[in-house]
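Biologist: I would like a close look at a single part of this model, namely the open sheet of one chain, with what packs on it and what surrounds it. Please take it slowly and in one connected account.

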2 protein chains.
Amino acid sequence: MSKSFTITILGSSSALPTSDRYPTAQVLSASERFFLIDCGEGTQRQLRVNKIRFTKIEHIFISHLHGDHCFGLIGLISTLGLLGRKAPLYIHSHSHLEKLLQPQLDYFCTDLPFQVVFDAFDPKQKTLIYEDKAIQVETIPLKHRIPTVGFLFKQKPEDRKLKKEFVFTHQPGIKDMVAIKNGGDYLNKDGVVMPNGEITLDPPKTLSYAFCTDTKYNENIIEQIKGVDVLYHEATFASDNAQLAKKTYHSTAEQAAQIATKAGAGKLLIGHFSSRYKNLTILLDEAKTVFPNTFLANEGNVIKVGE
Amino acid sequence: MSKSFTITILGSSSALPTSDRYPTAQVLSASERFFLIDCGEGTQRQLRVNKIRFTKIEHIFISHLHGDHCFGLIGLISTLGLLGRKAPLYIHSHSHLEKLLQPQLDYFCTDLPFQVVFDAFDPKQKTLIYEDKAIQVETIPLKHRIPTVGFLFKQKPEDRKLKKEFVFTHQPGIKDMVAIKNGGDYLNKDGVVMPNGEITLDPPKTLSYAFCTDTKYNENIIEQIKGVDVLYHEATFASDNAQLAKKTYHSTAEQAAQIATKAGAGKLLIGHFSSRYKNLTILLDEAKTVFPNTFLANEGNVIKVGE
């Protein structure tokens, strides 16, 4: 089994929040990293309610600069300052965010004890915006009324695992072990070549998560997200409002399910629900007709990717 | 009985919100006006939860420019725009707010269907900042780390009420009735002067509400709020943290109660609680020892002024 890879839903509403639903925000816990994805108003409260320690978050990814995806940033940063955070906080977004947020930080967050580092990307290009030894994050250009991207989070393959009995019997040196973990064969003390496949086990399957909101139906994203374990795709409307979805550059639940089907996703989460749907069954049923393994992304849900 | 004069508490926390407590915001419903006082993050949600119709609010009063008193403005305004509001929205505050908020409005709230009118006041001076035929609002200069004011909401006296039997018997003309309502006597058809006191009743007692946060202990406010029906005074700390209160320009619950006593307030509401107090009993008990008619201003509480 791979290391932890879970998504916690903090907000499921579209632009008009309701008393039950918060605007978009999610936390992805992947290989011991904590990534915040979008940050609508109330995100800091939702982090508390869901008992996620603020200080763990080092990177925030903002899909686009509509208020329901970023109005919670200033409050969250301000609170992190009051809590005495020291580590830099990285915000990956459209370049305009820095211009909008920096004057507020300068005024409201004087003496902030940590650095806010803005990392701007070009929303028109698929771009690798984050990478470490375990995880990488790419942008997914979407089609909305303003420049918008999704994010594809992918675990990197771990090294091959040495079989215990091989290590016990042959006691290879460190240099040899590194070579074997990377796929090399082993020349044992009797001069016999032991093929890698015989002395190692496959590493855990790598997991992936694609976050796609806000967007109209857009088949261009399918190639990039092919075979993703979990796809979050906005489903602002049901098909009863297909025309409105088209006009406002949003998707219906059916369209989200079509994308999931064509991409061969393992699981579909739908969210970004219009406030007109008090009961979300219509959206879930519509998506499940096309893609049975669909779930609503409701506040407080924790989804284990790969299970 | 006077017309409605009720306070709804939307947020009771100080700068660090908890999962139970929201940052400062209150709605005062007075003589059929709806005033929003401060607007911390999450105010729009709290308005929904408390079933207060957004569209009724025409005036917002901001005590000072710390984030926990104003970070909810941009989300609230944005939502009012999506709801199709047409009436102007007046924001009374320090002049810096316009400079901070306007660039955000220009970016996030394009095509806002109503006007946001900024009314700047000088926080150092007691100033009449709002007045109509039924209500007036004055600023109360406070002592905090940055320029801060409280607000004193006062009903204006209504006209004297004509006694029904007098009207029935003498059938005075409209001109005479206006004069009598304003305190005039009446010369009846027999040439006899009927004194105003015999033909009218006193109008309902006028009510008043003083909102004082954030501030250190400050006796300068007492004269202005003398005899107020309800005083909201911050009580960020209990006396166990009196030094911290002094250092951060906040008040203890005991100090809030001392102000209420010296001002002869009818009732004291305390709020703006530090997140360190999970249980607020210590704050309430401390204040009640000095001023027995003290209440906690918890989220969702509705206080009828004058009852």
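Modeller: What follows begins with the sheet of chain B and then moves outward to the helices, the contact between the chains and some unusual backbone positions.

Please keep in mind throughout that this is a predicted model. In chain B, seven strands form an open sheet of mixed pairing, and their order across the sheet is E7-E8-E9-E14-E15-E16-E17. The edges are taken by strand E7 (128-131) and strand E17 (294-296) of chain B, and because each of these has a single partner strand, one side of each is left without a neighbour in the sheet. On average, and with direction ignored, neighbouring strands of this sheet are turned by 20° against each other.

Within this sheet, strand E15 of chain B deserves the closest reading. On one flank, strand E14 (residues 208-212) of chain B runs parallel to strand E15 (residues 230-234) of chain B, and four bridges join the two; here B:Ala210 stands opposite B:Leu231 of E15(B). On the other flank, E15(B) and E16(B) also run parallel and are joined by five bridges, with B:Leu269 in E16(B) as the bridge partner of B:Tyr232.

How many of the five residues of E15(B) are buried? Five of the five are, and the strand is accordingly described as mostly covered. In a regular strand the side chains alternate between the two faces of the sheet. In E15(B), B:Val230, B:Tyr232 and B:Glu234 lie on one side while B:Leu231 and B:His233 lie on the other, and since all of them are buried, both faces are covered.

Two helices of chain B pack on the sheet. Helix H9 (residues 253-263) of chain B touches E15, strand E16 (267-271) and E17 of chain B, and the direction of this helix makes about 150° with that of E15(B). Helix H10 (residues 281-290) of chain B touches E16 and E17 of chain B, its direction making about 165° with that of E17(B).

A single residue shows how these pieces come together. Setting aside residues up to four places away in sequence, B:Leu268 touches B:Leu231, B:His233, B:Ala256, B:Ala257, B:Ala260, B:Ala287, B:Phe291, B:Asn293 and B:Thr294. B:Leu268 is also one of the residues with the most contacts inside the largest nonpolar core, which has 144 residues; others in that group are B:Ala210, B:Val230 and B:Leu231, as well as A:Ala210, A:Leu231 and A:Leu268 of the other chain.

Turning from the sheet to the contact between the chains, 23 residues of chain B are in contact with 23 residues of chain A. On the side of chain B that touches chain A, helix H1 (43-49), helix H2 (73-82) and helix H3 (96-108) of chain B each supply at least two residues. By class, the residues on this side of chain B are eleven nonpolar, nine polar and three charged.

Two of these helices also pack on each other. Two packed helices are described by the angle between their axes and the distance between the axes. For H2(B) and H3(B), the axes come within 11 Å and cross at roughly 35°, and the crossing is right-handed. H2(B) contributes B:Leu73, B:Ile74, B:Ile77 and B:Ser78 to the contact, and H3(B) contributes B:Leu101, B:Gln104, B:Leu105 and B:Phe108. This contact of H2(B) with H3(B) has six nonpolar, two polar and no charged residues.

Finally, some backbone positions call for a careful eye. Most residues other than glycine have a negative phi, and most peptide bonds are trans. B:Thr213 and B:Asp214, however, are joined by a cis peptide bond with omega of about -10°, and B:Asp214 lies in the loop between E14 and helix H7 (222-225) of chain B. In chain A, a cis peptide bond likewise joins A:Thr213 and A:Asp214, with omega of about -10°.

B:Asp38, which is not a glycine, has a positive phi near 60° and lies in the loop between strand E3 (33-37) and H1 of chain B. Is B:Asp38 buried or exposed? B:Asp38 counts as buried, because 28 other C-beta atoms lie within 10 Å. A:Asp111 has a positive phi of about 60° as well, but A:Asp111 counts as exposed, because it has 5 C-beta neighbours inside 10 Å.

Technical notes: Residues numbered from 1 in each chain as written. Chains lettered and ligands numbered in written order. Predicted model: local features only at pLDDT ≥ 70, side-chain atom pairs only at ≥ 80, totals over all residues. Contact = placed C-beta atoms within 7 Å. Nonpolar A, V, L, I, M, F, W, Y, C, P; charged D, E, K, R; others polar. Core = buried A, V, L, I, M, F, W, Y, C linked by C-beta atoms within 7 Å. Buried ≥ 20, exposed ≤ 12 C-beta atoms within 10 Å, placed from the backbone. Axes fitted to C-alpha atoms, helices over the stretch in contact; angles between N-to-C directions. Left-handed = near helix turned anticlockwise from the far one by under 90°. Pairing = 2+ DSSP bridges.
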